[in-house]
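Biologist: I'd like a close look at one helix pair, and then a walk outwards from there. Take your time with it.

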Amino acid sequence: MPIFVDKKTKVMVQGATGHQGQFHIGEMIHFGTRVVAGVTPGKSGETVYGVPVFNSARDAVTETQANTTLVLVPARFAKDAVFEALDAGIQTVVVITENIPFHDAMEFVHYTKYKGAVLIGPNCPGIASPGNKAKVGILPSGIFLKGHVGVASRSGTLTYEIVNSLSERDIGQSTCVGLGGDPIIGTSFIEALDAFEKDKETKAIVLVGEIGGTAEEDAAEHITKHISKPVFAFIAGRTAPPGKRMGHAGAIIARGKGTAESKIKAFEKADVKLAKFPTDIADLVEKFV
Amino acid sequence: MKLFEYQGKQLFEKYSISVPKGKIVEKESELSDFVFPCILKAQVLIGGRGKAGGIKTGENINDAKEKLSQILQMSIKGFPVKKVLVEEKVRIKKELYLSITLDRSKRMPLLMMSGEGGMDIESVSDNLIFKEWIHPFIGIQPFHIKNILSKLKLGKDEEKELGQVISNIYKLFRNYDCELVEINPLIISNEGKIFALDSKVIINDDALYRHSDIIAENEELTSLEKEAKEKGIVFIQLEGNIGVIANGAGLTMATLDALTHYEGKAGVFLDLGGTDDPEKVKQAFQLMKKAKPKVILLNLFGGITKCDTVAKGVSAVISSEGIDCPIITRIKGCNEGVAKDILKDAGLFTAESLQDAAKKSSEMAGR
């Protein structure tokens with residue numbers, strides 16, 4: 001059983017008719033995902049790759065029983081889109097959109113909790129489960145291989161790089177989840193670790209962290225107490241200067257907090273094996289396998 | 001975006017938080033109608049200005065003029081002082097610390113208050129900092145304020161006024177999409193009044209579009225960083241001499257780390273993001289050229305963006321822009337073979353791994 005997405009996942013896409021929406025609906029269908037609806041206000045009646053488009057999330061859910069949404073709408077409309085999807089009964093929300101004001105994210109993350117739903121992102125590439133042929137997001141399909149390594153990451157391309165290097169060594173993945181590069185994200189390492197711990201398909205876990213915040217330190221503490229599976233990690237930003245926002249809104253060393261050093265120390269203490277270069281992860285995991 | 005102290009104080013006044021009477025001064029003649037002694041404070045977006053001599057007392061008009069001209073000639077940690085905030089001197093009975101920031105792990109605003117005001121909060125021991133997490137759905141409530149005030153041991157009138165300040169600062173934090181609102185020190189004057197003597201306000205860049213009253217000066221950015229920001233390119237200038245271009249923030253950071261491993265020093269962090277748009281690639285290289293790096297290291301992973309599309313863009317830019325410093329490339333992912341051939345034909349060095357590319361770049365930059 002993979003995590004967050006599986007064969008029962010029925011995907012709705014908010015922002016379906018834009019360039020990105022159209023392209024990724026095609027990519028997801030090709031991967032094997034059941035994409036059942038698109039939502040773009042005023043575009044009801046259109047189709048994208050044969051997928052019907054609706055004016056509202058409520059219409060889409062009523063007509064297609066979609067249970068998961070992929071949010072691709074521009075930043076200033078994202079909060080409304082997430083609220084709308086949750087109110088329509090969506091259980092898993094994946095927010096790709098970048099540059100969403102974090103006060104907005106704070107509100108929709110708490111509303112997600114109130115609704116008992118799950119939110120991945122914002123500013124993330126989404127989720128792919130190669131074993132179940134389900135992908136909700138914009139991750140490149142070609143890098144994946146079915147297997148037993150669970151990957152959770154705060155970054156996009158760096159994750160692709162690491163997954164690709166695993167696949168090149170014939171080390172497949174159970175699920176790969178991009179958690180997002182923002183300061184406020186719905187699902188953090190702790191929730192991902194718990195899901196991988198429960199998942200029978202997952203035998204080892206790879207975490208890709210970066211500077212900013214204390215998600216890695218929190219994860220390290222959680223691993224010591226609750227995770228029995230081996231964990232491998234890479235931390236980006238060892239040489240980033242303090243006070244500078246390194247590309248991701250969340251990647252900033254602020255007031256002495258969020259340094260790579262502190263994260264590396266925490267992981268070492270939790271017996272997590274750390275890679276010096278991104279592709280070294282594959283070496284470490286290969287030894288274990 | 002960081003606000004200057006005086007801009008933060010303007011917001012405080014809007015939220016009924018008292019600040020000392022004062023005004024912004026850029027030249028001597030503007031000092032004449034002031035009451036002395038006064039405090040002259042350099043307006044820069046960097047901490048530690050007090051230690052650097054950026055805060056002075058003007059005892060009388062002549063003294064104030066002299067101090068003003070001293071401060072206006074200063075450059076604090078590389079930031080030239082252009083404006084000085086001149087304020088009346090307030091007599092201090094007690095200094096407090098008050099801030100609201102974001103607790104990323106709890107996904108909630110965190111209110112912090114301490115009776116140990118006026119110093120760096122990181123040097124205050126944890127048991128002297130009182131914290132309340134405020135759930136965004138309920139906002140600031142009387143019990144939050146009561147919990148904090150009960151620990152500070154103040155007079156009834158002071159408590160009442162301070163409670164109002166705490167409540168207002170939370171409203172400011174939420175209404176203006178702040179990352180941080182800090183008042184250090186927040187003081188109680190000899191007359192029992194509460195004043196914010198300093199302000200540190202950071203507004204979330206992503207939310208600036210809905211605060212048209214805040215003028216984005218981006219003073220903390222270099223001129224090239226400003227230019228990049230206008231073009232929507234993530235571009236950060238650093239201390240070294242190697243220009244790093246990669247796609248994605250994590251990968252760009254990892255590239256910097258690899259350079260450091262081989263004792264190379266990055267001078268520019270340029271994140272291309274998910275684009276393969278030739279125009280964006282062109283703008284990126286134009287900016288990089290202006291930063292005059294000794295070597296450029298291009299590290300790309302092609303997923304959705306195809307390696308060969310980016311490679312074509314790169315090779316076109318190099319010939320049209322006449323970029324003459326050595327370029328080391330490392331390209332991996334979708335259509336990497338074709339991409340490598342294109343880059344080789346353009347006369348670039350193509351490395352097999354990130355390690356090779358970082359080593360080679362560091363060696364060349366060190367020569």
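Biologist: Which residues of α5(B) meet which residues of α7(B)?

Modeller: Before I answer, a word on what you're looking at: this is a predicted model, in which local features need pLDDT of at least 70 and side-chain atom pairs count only at pLDDT 80 or more, while totals for chains, interfaces and linings use all residues. Residues are numbered from 1 along each chain as its sequence is written, and chains are lettered from A, and ligands numbered from 1, in the order in which they are written.

Now your pair. From α5(B) it's B:Leu224, B:Glu227, B:Ala228 and B:Lys231, and they meet B:Gln283, B:Leu287 and B:Lys290 of α7(B). "In contact" here puts the C-beta atoms, placed from the backbone, within 7 Å of each other. Sorted by class, that contact has three nonpolar, one polar and three charged residues; Ala, Val, Leu, Ile, Met, Phe, Trp, Tyr, Cys and Pro count as nonpolar, Asp, Glu, Lys and Arg as charged, and the others, Gly among them, as polar. Helix α5 of chain B covers residues 223–231 and helix α7 of chain B covers 278–290, with the two axes 11 Å apart and at an angle of about 175°. The axes are lines fitted to C-alpha atoms, for helices over the stretch in contact, and angles run from 0 to 180 degrees between N-to-C directions. So α5(B) and α7(B) are roughly antiparallel to each other, the label for angles over 145 degrees (under 35 is roughly parallel, 65 to 115 roughly perpendicular, the rest oblique).

Stepping back to the chain around that pair, chain B has 10 helices and 18 strands, taken as DSSP runs numbered from the N terminus: H or I of at least four residues for helices, E of at least two for strands. Its domains are 1 (21–88), 2 (92–210) and 3 (223–366), with bounds from an automatic or database domain assignment. Between the C-alpha centres of domains 1 and 3 of chain B there are 43 Å, and the C-alpha atoms of the chain fill a box of roughly 75 × 50 × 35 Å along the principal axes. Of the 367 residues in chain B, 43% are buried, where buried takes 20 or more other C-beta atoms within 10 Å of a residue's own, exposed 12 or fewer, and partly exposed is in between, with C-beta atoms placed from the backbone. Among contacts in chain B with a separation of 6 or more, 68% join residues 24 or more positions apart.

Then there's the partner. Where the chains meet, chain B puts in 38 residues and chain A 48. On the side of chain B that touches chain A, α6(B) gives the most, with 10 residues, and by class that side has 19 nonpolar, 10 polar and nine charged residues. One spot worth zooming in on is the crossing of helix α5 of chain A (157–168) with α6(B): the axes come within 5 Å and cross at roughly 75°. That makes α5(A) roughly perpendicular to α6(B). The residues involved are A:Thr157, A:Leu158 and A:Glu161 on one helix and B:Gly250, B:Leu251 and B:Ala254 on the other.

The same helix of chain B turns up inside, too. The largest nonpolar core, a set of buried Ala, Val, Leu, Ile, Met, Phe, Trp, Tyr and Cys residues joined through C-beta atoms within 7 Å, has 153 residues, and A:Val71, A:Val93, A:Val206, B:Val244 and B:Leu270 have the most contacts inside it. With seven residues, α6(B) supplies the largest share of this core. Apart from it lies another core, of 35 residues, including B:Leu96 and B:Ile183.

Chain A itself splits into domain 1 (10–120) and domain 2 (140–288), with C-alpha centres 26 Å apart. Where they touch, 11 residues of domain 1 face eight of domain 2, and α4(A) brings the largest share of the domain 1 side, five residues.

Methods:
Two residues are in contact if their C-beta atoms, placed from the backbone, lie within 7 Å.
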